[in-house]
Amino acid sequence: MKLTSLAISNIKHNMKNYAMYFFSMCFSVFTTYSFANLALSETISESIQSSIKYKNTFIGFGIVILIFVMFFLISSNKSFIRYRKREISTYALFGMENGKIGRMLFFETLVIGAAALIIGIAIGIFFSKLMVMILLKMVLAEVAEVSFAIEWNAILMTSAAYFIIYCIMGLSGLRVINKFQLVDLFKGDKIAEKRTKGSIALLIISAILIIVAYRLAIDKHSYIVVMNMFLVIGMTIAGTYLFFFGGLQKLLDIVKKNKNIFYKKTRLVSVSLLSHKAKTFAATMGTIAVLIASSTTAMAFGYTLYKSAENNAKELNSFDVYYYGGDETIENEIYELLEKNGSEPLDFIKVEQYVTKPEGENFPESIIWLSGDSLAFSTYSQSTFNKISEASQDSNPMVDVKEGTALIAYPGYYADFEHGEPVLKYGDISIKAEFEPLPNTYSNGSYATIIFNDKDYEMLNRLGYVKSNDNGRELSEFIGINYKNSLYSKEIAAGLNEILRSNETINGYHILYDTYIESMTLFGLLCFIGYFISAVFILMSVSLLYFKQIAIGTEEISQYESLRRIGIDKDQENKIITNRIWPVFFIPLVMGLIHSVFAMKGADTILFSNMIYTDGNSYLEVLKTSSVMYIIYSLVYFVFYLITKYKYIRIVSNKQN
Amino acid sequence: MRLLELKNISKTYGSKKNKKYTALKNISFDVESGDFMGIMGASGSGKTTLLNIIGSIDMQTSGSVVVNGIDVSDLSKKQLAAHRRENIGFIFQDYNLLDSMTIEENIVLPLALSGEKAKVIKDKLNALADDLKIKDILPKFPYEVSGGEKQRASACRALITEPKIILADEPTGNLDTASGKQLLNMLEYINQNYKTTILMVTHDIFAASYCHNILFIKDGEIYNHLHSKGDRQEFFNSILNVMSALGGTEK
Ligand SMILES: Nc1ncnc2c1ncn2[C@@H]1O[C@H](COP(=O)(O)OP(=O)(O)OP(=O)(O)O)[C@@H](O)[C@H]1O
Ligand SMILES: [Mg+2]
């Protein structure tokens with residue numbers, strides 16, 4: 001009986017210390033509930049009509065969050081116990097057995113956990129409507145009337161998950177207590193850490209690992225980046241941990257050896273204090289750096305995808321709507337539809353389709369593989385192609401093809417092929433070709449489009465190498481139309497679908513609006529989840545640092561007392577504290593951010609360079625959008641740094657409790 | 001030359017009226033430059049309090065401490081910290097070395113904090129460490145050396161700023177006879193060769209016999225001030241007499 005009331009009074013007593021812990025716990029519960037709620041929400045399942053499996057996405061990421069939360073809570077709990085060593089040792093001294101102390105702490109965990117669970121879910125319910133609306137807004141779904149609903153299943157799932165986590169957490173706490181010896185408890189304040197000089201080998205190995213990983217990540221060939229992705233991630237993580245487990249100490253040791261730098265006023269103290277604790281901090285700092293790298297990358301990636309989705313839709317698709325075949329009645333129907341909905345056609349193009357089947361030399365394997373034996377390419381003369389380009393959305397470039405050469409429009413991975421120059425052969429005519437990353441949307445299903453100089457085209461046509469039928473199948477015309485408000489009118493898109501779907505003369509069509517909505521749904525979803533997870537990560541990482549820092553702060557009180565007796569003034573003390581704390585926070589931050597910058601370079605090579613068409617460097621665009629996320633992240637991080645510093649100052653000036 | 005002047009120092013602990021406790025009452029005395037003064041008295045008589053007030057670690061409730069003609073209470077907090085670092089060296093019973101630093105770093109700490117150049121620091125350290133014969137332990141951490149070595153390092157740190165006064169609070173309290181004697185010889189050497197004034201609190205009559213004169217404190221007041229006539233054995237005996245008169249039973 002006494003145990004429970006003791007636990008309650010402990011919580012009351014430690015209220016301030018529990019605040020941070022409690023806050024991050026509430027937030028994790030809130031996130032878990034929100035994810036479960038979104039996965040189960042009826043409104044969302046009605047609104048998101050795309051094929052995207054958002055439910056599984058939410059549940060999958062929800063589980064990822066739970067796993068991280070579990071590790072985070074266990075580790076915070078351990079730091080917290082360490083921080084309370086003195087209190088715990090007093091119980092032990094008064095004859096309370098370890099088991100009893102453990103049970104008391106376990107009970108505390110459960111009480112705090114239950115409170116966090118209730119509050120987190122309450123906040124989740126309170127904001128559930130808002131969450132649904134934000135998500136729907138981000139995925140551009142039709143926002144119908146969102147009703148306020150409490151998902152009992154979501155509550156049940158969340159409670160069950162956290163109950164299990166609390167139990168595991170409590171058990172790990174019990175283990176920590178059981179390993180305590182009374183002597184250890186009292187030594188708590190003055191644990192003589194082993195002298196750490198770091199290791200030059202670790203420093204070099206970690207530098208090599210990270211540099212090689214960076215080098216692989218910035219390779220200009222996307223297949224190399226893709227191939228090495230897991231290697232790069234593995235090497236970066238290993239390099240990061242090794243750096244904190246030995247490299248950092250070595251750097252500090254080098255500073256210490258250089259007395260001109262080391263014996264500079266308060267630096268002597270802060271560097272010593274830091275290097276003294278470097279080993280204790282190693283695991284936490286490494287974990288923080290990795291968490292920061294992954295969460296900032298997730299945020300920057302999601303945000304960039306989302307930001308570029310609109311441009312991407314326009315640029316990858318040359319026309320708002322295009323189709324093959326059909327006749328004038330269809331054109332008229334479309335025009336009527338546009339007019340009825342307050343839109344108007346902006347561009348119109350109609351061209352005949354032709355194919356050609358050259359013998360290819362030095363062709364990329366993938367084209368040969370994709371197109372089988374037939375190797376049929378859609379083909380245009382330069383002037384027709386330019387006419388289409390002119391009519392298409394703004395950024396499609398004009399081409400200039402010299403006589404006797406050809407361009408092969410092949411979007412995507414052209415740069416990866418290190419073949420000789422491809423040559424097109426028609427009997428004894430051979431034409432040198434070049435791959436160009438041009439949009440291939442009006443090629444009627446062939447994998448690439450060949451563009452000839454007008455004269456060559458005419459000659460090939462005359463010789464029968466350019467055909468208007470493919471294996472006997474007569475080719476239809478290509479019609480491309482751009483119209484006003486293409487991305488914002490659901491009605492027009494629906495009308496177009498109606499017209500084009502039911503008509504047998506149509507050999508295929510594409511409506512930009514549909515693709516756009518699909519990609520916005522996907523990217524919006526990824527972005528939404530990315531923000532959430534990053535928010536959880538940032539909270540977890542800063543709380544980890546916070547607990548570690550205050551736990552170690554209690555062990556450093558005596559150091560500051562000694563300093564004061566020797567004679568340091570308030571300014572010097574503040575300087576020492578600042579220089580003692582900031583490296584612990586900002587070395588991982590800088591490292592994580594640099595990792596992320598390189599990760600985004602890799603993402604640019606694989607993905608964004610194909611999505612964002614700019615005159616200059618798509619990576620610069622990526623960095624611009626990413627830096628928004630980096631700045632937001634750093635600001636939040638900085639606030640937590642200030643909170644931790646404040647708390648640390650209170651601890652080492654013995655103002656605590 | 002008069003280095004230190006204490007005028008009517010009183011110290012009361014506790015702010016609540018009913019819980020007030022007077023640790024020092026109207027203490028006045030002077031210390032000449034180059035003196036080696038001992039302070040003795042029963043436990044709780046206020047020796048540490050007195051020493052802390054002289055060293056400006058603690059503030060007196062009334063009265064004034066004048067060091068070298070300057071009233072310490074006129075100094076700002078910043079000046080006070082600098083004064084403590086530069087004019088006064090402390091040797092504590094519990095050494096007060098920082099666990100996170102090597103002996104060398106601990107010794108140079110006051111100089112580094114004062115903003116001295118690395119070159120100057122190194123020169124001073126080398127000269128002093130040679131002179132006081134503690135070169136061997138410089139690269140070690142406090143937990144790697146013995147108590148006696150720690151206390152000698154602590155003395156070395158007290159001396160490195162070339163302070164006018166060294167305040168030692170039971171410096172031999174945690175040491176065995178041999179290392180205690182070693183430390184006392186070192187203090188005597190410092191007093192003679194560096195002309196540093198030393199004030200030492202001690203319970204140990206043997207340690208006290210190294211001093212030139214001894215101030216006895218009883219219940220926060222000066223009980224006696226005993227001067228040595230030069231012979232250590234004779235001084236030892238007269239200290240013993242005062243001690244038994246005081247009612248102390250130490251040694
Ligand atoms: N911070 C404090 N608050 C209240 N009372 C104090 C404080 N510090 C010391 N005292 C009291 O003042 C008196 C003198 O203490 P002081 O530490 O000066 O004694 P001392 O002579 O050094 O004793 P010892 O030989 O045991 O070290 C003691 O009775 C002590 O209880
Ligand atoms: Mg004392």
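**Exercise 1. Determine which kind of contact the side chains of Arg565(A) and Asp94(B) form.**

Solution. In this predicted model, the side chains of Arg565(A) and Asp94(B) are 3.6 Å apart, N to O. The criterion asks for a side-chain nitrogen of Lys or Arg within 4 Å of a carboxyl oxygen of Asp or Glu. The pair therefore counts as a salt bridge. Across the interface of chain A and chain B, the rule yields 3 salt bridges. For polar contacts, it yields 10 residue pairs across this interface, both residues being at pLDDT 80 or more.

**Exercise 2. Describe which elements and residue classes make up the side of chain A that touches chain B.**

Solution. Begin with the helices: α12 (259-262), α13 (267-316), α19 (512-566) and α20 (570-611) of chain A each contribute at least two residues to that side. Next, rank the contributions: α19(A) provides the largest share, 6 residues. Finally, sort by class: the residues of this side comprise 9 nonpolar, 8 polar and 11 charged.

**Exercise 3. State how many residues each chain brings to the contact and how much area the two chains bury.**

Solution. Chain A brings 28 residues to the contact, and chain B brings 34 residues. The accessible area lost when parts come together is often used to give the size of an interface. Here chain A and chain B bury about 2,700 Å² between them. Of this area, 56% lies on carbon and sulfur atoms.

**Exercise 4. Work out the strand order of the open sheet of 6 strands in chain B, and identify its edges.**

Solution. The order is β6-β7-β8-β3-β9-β10 (chain B), and the pairing is mixed. Pairing on one side only marks β6 (88-91) and β10 (221-227) of chain B as the edge strands. From one strand to the next, the twist averages 20 degrees. At the β10(B) edge, strand β9 (residues 213-218) of chain B runs antiparallel to β10(B), and 6 bridges join the two. Within this region, Ile214(B) faces Leu226(B) of β10(B).

**Exercise 5. Analyse the open sheet of 4 strands in chain A and the helix that packs on it.**

Solution. The strand order is β2-β13-β1-β14 (chain A), with antiparallel pairing. The edges are β2 (345-351) and β14 (506-511) of chain A, each paired on one side only. The twist averages 10 degrees from one strand to the next. Strand β1 (residues 321-325) of chain A pairs with β14(A) over 4 bridges in the antiparallel sense; Gly325(A) has Ile506(A) as its bridge partner in β14(A). Helix α14 (residues 328-340) of chain A packs on the sheet and touches β1, β2, β13 (478-483) and β14 of chain A. The direction of α14 makes about 170 degrees with that of β2(A).

Conventions:
Residues are numbered from 1 along each chain as its sequence is written. Chains are lettered from A and ligands numbered from 1 in the order in which they are written. This is a predicted model: local features need pLDDT of at least 70, side-chain atom pairs count only at pLDDT 80 or more; totals for chains, interfaces and linings use all residues. Side-chain values use heavy atoms; hydrogens and water are left out. Contact means heavy atoms within 4.5 Å. Buried area is the accessible area (1.4 Å probe) that two parts lose on being put together, summed over both. A polar contact is a pair of N or O atoms within 3.5 Å; within protein, one must be able to donate a hydrogen and the other to accept it, and residues adjacent in sequence count only if both atoms are side-chain atoms. Ala, Val, Leu, Ile, Met, Phe, Trp, Tyr, Cys and Pro count as nonpolar, Asp, Glu, Lys and Arg as charged, and the others, Gly among them, as polar. Two strands pair if DSSP finds at least two bridges between them. Axes are lines fitted to C-alpha atoms, for helices over the stretch in contact, and angles run from 0 to 180 degrees between N-to-C directions.
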